Amino acid sequence: MNEPDSKILLVTPEQPGDHDHADDDFTHLGLAADTNMMSRTVMDRRRLLSLGAIGVGTLLGATASASILGGGGRPPMPPGGMPPGGPGGPGGGPGGQGDADTIKSADGQCSTLPTETQGPYPADGSSASGQTKNILENSGIVRSDVKRSTGTGHTTAGVPLTLTLQLVNVNGNCAPLAGHVIYIWHCTAAGEYSLYSQGITAEDYLRGVQVTDANGKVTFKTIYPGCYAGRWPHIHFEIYPSLAAAVKGNVDRNVTLVSQIAMPEKESRAVYADKRYTGSTRNLNAITLATDNVFGDGAKAQTPTISGNATSGYSCNITVGIQG
């Protein structure tokens with residue numbers, strides 16, 4: 001956890017489309033506190049806000065709240081940042097599985113998605129890409145709109161993208177899976193990653209967590225990712241079986257799936273005509289899905305359906321099958 005402030009802070013209920021906090025909020029209490037608060041009624045939230053330290057204990061449990069109030073925390077992040085193409089190469093390591101490795105449901109209506117490389121730049125508590133920052137511990141990371149940083153309030157610009165993922169059980173005739181945690185992250189229009197790339201190490205935009213609903217769905221409001229040298233345009237995601245597993249981050253084999261979404265070429269080219277995506281067209285011209293070090297073994301299962309345009313934005317949907 002982050003080092004505590006000298007005063008006790010309070011978590012305020014999130015307003016639609018807004019995840020900023022006032023100076024006297026409980027910030028940095030973590031994913032568990034965020035989800036606990038969001039699951040309560042409005043009246044119950046107000047009651048907790050009035051309880052101060054007791055409210056912290058209610059949201060986190062006695063052990064966790066003692067840690068918050070008593071100090072401790074992770075080592076500081078390394079200075080500076082690492083642009084895409086750092087340790088492990090552009091893809092953050094060797095590619096994973098491909099279309100040939102997917103498993104179809106008995107009725108053939110859904111399939112598993114390939115497992116892919118963990119990086120780059122996940123900020124999930126692992127040592128991938130040269131640091132062990134765990135954004136999943138931070139309050140504010142549970143959100144649908146990921147265009148704004150939870151700490152600085154800064155936003156990042158680009159063509160709007162609404163991304164919906166539906167998690168289904170391949171072993172159960174594609175039945176939706178509720179209560180799982182999905183964490184997404186991707187690069188900016190300029191091909192940079194928050195928390196890592198030089199100049200934006202204090203930002204955490206284009207990263208977010210949600211819990212799947214009764215239909216197995218989560219929806220994020222973000223921007224279309226840029227294309228940096230050496231990689232096909234993509235979005236990273238991780239799936240955790242529970243809130244408790246997600247808070248720990250991607251350690252001790254507690255993640256259900258690490259994979260990536262391959263953005264379609266036609267829409268990518270339309271987006272990259274936007275001047276905010278400087279260099280993306282050049283980078284896209286230098287690579288194909290077949291030569292990409294992650295998608296080169298097949299990306300059919302990882303390509304979403306998409307609609308919209310580069311002026312008003314796009315909506316894309318993908319079904320993610322796991323063996324639940």
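Is D101 buried, exposed or partly exposed? Select D101 and look at its surface: with a relative accessible area of 41%, D101 is partly exposed, where buried means under 20% relative accessible area, exposed over 50% and partly exposed in between, computed with a 1.4 Å probe on protein chains only.

Before going further, note that this is a predicted model, in which local features need pLDDT of at least 70 and side-chain atom pairs count only at pLDDT 80 or more, while totals for chains, interfaces and linings use all residues. Residues are numbered from 1 along each chain as its sequence is written, and side-chain values use heavy atoms, with hydrogens and water left out.

**The whole chain**

Show the protein chain as a cartoon, and you can follow seven helices and nine strands; helices (H or I, at least four residues) and strands (E, at least two) are DSSP runs, numbered from the N terminus. The chain has 324 residues, of which 49% count as buried. Among its contacts with a separation of 6 or more, 73% are between residues 24 or more positions apart, a contact being heavy atoms within 4.5 Å. Switch to a surface view, and what is exposed comes to about 13,800 Å², with carbon and sulfur atoms supplying 53% of it; such areas come from the Shrake-Rupley method with a 1.4 Å probe, and for residues only the protein chains shown count as cover.

**Two loop positions**

Return to D101, which lies in the loop between α4 (62-70) and β1 (160-169), and add T112, which is 11 residues away along the chain, with 8.5 Å between the two C-alpha atoms. Next select A178, in the loop between β2 (175-176) and β3 (181-185), where a relative accessibility of 46% makes A178 partly exposed. Leaving aside residues up to four places away in sequence, A178 touches T212, D213 and A214, and its C-alpha lies 7.8 Å from that of K217, although A178 and K217 are 39 residues apart in sequence.

**The nonpolar cores**

Now hide the surface and select L165, Y224, F237 and V320, the residues with the most contacts inside the largest nonpolar core, which has 40 residues. A nonpolar core is a set of buried Ala, Val, Leu, Ile, Met, Phe, Trp, Tyr and Cys residues joined through side-chain atoms within 4.5 Å. The elements that give two or more residues to this core are β1, β3, β5 (217-223), β6 (234-240), β7 (257-262) and β9 (313-322), and β9 gives the most, with five residues. Centre the view on Y224, whose contacts beyond four places in sequence include V159, L161, M263, Y277 and Y314. Apart from this core lies another, of 18 residues, among them V181, W185, Y193 and Y240.

**The cysteines**

Finally, show the cysteine side chains. Which cysteine does C110 join? A disulfide, meaning a pair of cysteine sulfur atoms within 2.5 Å, joins C110 to C174, with 2.1 Å from S to S, and the count of disulfides comes to one. This pair links distant parts of the chain, 64 residues apart, with C110 in the loop between α4 and β1 and C174 in the loop between β1 and β2. The link is left-handed, with -100° about the S-S bond. C110 is buried at 7% relative accessibility, and C174 is buried at 17%.

Why is the sulfur of C187 not bonded to that of C227? The sulfur of C227 is the closest cysteine sulfur to that of C187, but the two are 8.0 Å apart, which is too far for a bond. Both ends of that gap are buried, C187 at 1% relative accessibility and C227 at 4%.
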